[in-house]
Amino acid sequence: MDSGYLAILLLVVGVALIVCEVFIPSAGLIAAFATLCIAGSIASAWSAWFYTSPTYFALYVTALLVLIPSAISGAFYVLPRTAFGRKVLLEGPDLDEVTPYQEEQRQLMRLVGHIGKTLTMLNPGGLVEVEGTRQHGESEGLLLEAGTPVEIVAVKGIRVVVRPVENRPPTGADDPNRGKSSGDSLDFELPRG
């Protein structure tokens with residue numbers, strides 16, 4: 001076989017092996033064969049065209065410099081977007097699909113802001129009753145006795161995080177200072193006369 005044909009054949013095989021390396025896990029074995037094919041192709045092109053036909057050798061080097069980056073970018077970016085590429089390369093699952101206990105977490109998230117009570121002592125974990133259902137809960141690091149009214153403040157995994165109601169800052173109608181200005185914070189009233 002002529003060295004020129006061998007150079008072209010080895011170049012085509014090397015580029016095809018580069019594309020295969022993307023799809024077939026081989027621990028770099030296919031990439032090693034691709035490197036050997038391309039090195040053999042360069043050696044064959046050198047012996048066939050470098051001294052006798054420098055124009056062909058320059059065209060070969062240009063093709064080499066265009067084909068290898070094109071094959072790599074095509075294998076990574078273009079081929080996965082084709083019908084064949086979608087069949088060969090399966091897409092990974094969404095984060096929602098692999099998150100455990102999704103439905104349970106959605107149900108627990110609806111309880112955030114609701115008031116309940118502890119069924120057992122929370123040290124910091126235990127049982128909490130909210131809207132007639134028993135839930136696993138944990139406090140924000142506080143030791144809470146059984147029967148303590150608590151507010152659901154967050155969800156952690158499949159547990160509700162609770163805070164004692166008496167430690168909750170007053171809001172809205174519960175605020176004793178509602179309607180007073182900052183200068184009216186006296187604890188007693190002056191006699192009116």
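**Stop 1: a salt bridge in helix H6**

Start by selecting arginine 106 and glutamate 103, whose side chains meet in a salt bridge with 3.2 Å from N to O. Keep in mind as you click that this is a predicted model. Now show the backbone as a cartoon: both residues sit in helix H6, residues 102-109, and because they are 3 residues apart there, about one helical turn separates them. Switch on a surface if you like. Arginine 106 is partly exposed, at a relative accessible area of 45%, and glutamate 103 is partly exposed too, at 40%.

How many salt bridges does the count come to? The total is 4, and the next stop takes you to two more residues that meet this way, lysine 156 and glutamate 138.

**Stop 2: glutamate 138 and its partners**

Select lysine 156 and glutamate 138: their side chains form a salt bridge, 3.1 Å from N to O. Lysine 156 belongs to strand E4 and glutamate 138 to strand E3, so this pair ties together parts that lie 18 residues apart in sequence. Is glutamate 138 buried or exposed? Glutamate 138 is buried, with a relative accessible area of 14%.

Leave glutamate 138 selected and add arginine 159. These two also form a salt bridge, with their closest N and O atoms 3.4 Å apart. Here, too, distant parts of the chain are linked, since glutamate 138 is in strand E3 and arginine 159 is in strand E5, 21 residues away. Arginine 159 counts as partly exposed, at 31% relative accessibility. Show Glu138, Lys156 and Arg159 together and you have one network, joined by salt bridges that share partners.

**Stop 3: the strands around that network**

Hide the side chains for a moment and select residues 133-139 (strand E3) and 159-164 (strand E5). These strands run parallel and are joined by 3 bridges. To find one bridge pair, pick serine 139, whose partner in E5 is valine 162.

Next, add residues 149-156, which make up strand E4. E4 pairs with E5 in the antiparallel sense, over 6 bridges. Valine 150 is a good residue to click here, as it stands opposite proline 164 in E5. Then follow the chain from E4 into E5: the two strands form a hairpin with 2 residues between them. One residue to label in the turn is glycine 157, which has a positive phi of about 70°.

**Stop 4: the nonpolar cores**

Now move to the helices. Select Ala7, Leu11, Ala45, Trp49, Phe57, Tyr60 and Leu64, the residues that touch the most other members of the largest nonpolar core, which has 13 residues. Color helix H1 (3-23), helix H2 (29-50) and helix H3 (54-78), the elements that each give two or more residues to this core. Which helix gives the largest share? That is H2, with 5 residues.

Center on leucine 64 for a closer look. Setting aside neighbours within four places in sequence, leucine 64 is in contact with Leu11, Ile38, Ile42 and Pro69. Then look for the second, separate core of 10 residues, which includes Leu108, Leu111, Val130 and Leu144.

**Last stop: the whole chain**

Zoom out and color by element. The protein chain has 6 helices and 5 strands, and from the N terminus on they run α-α-α-α-α-α-β-β-β-β-β. Of its 193 residues, 24% are buried. With the full surface displayed, you are looking at about 13400 Å² of accessible area, 62% of it belonging to carbon and sulfur atoms.

Definitions and conventions. Residues numbered from 1 in each chain as written. Predicted model: local features only at pLDDT ≥ 70, side-chain atom pairs only at ≥ 80, totals over all residues. Heavy atoms only, no water. Pairing = 2+ DSSP bridges. Helix = DSSP H or I, 4+ residues; strand = E, 2+ residues; numbered from the N terminus. Buried < 20%, exposed > 50% of the residue type's maximum accessible area, 1.4 Å probe, protein only. Core = buried A, V, L, I, M, F, W, Y, C linked by side-chain atoms within 4.5 Å. Contact = heavy atoms within 4.5 Å. Areas by Shrake-Rupley, 256 points an atom, 1.4 Å probe, with all protein chains shown as cover.
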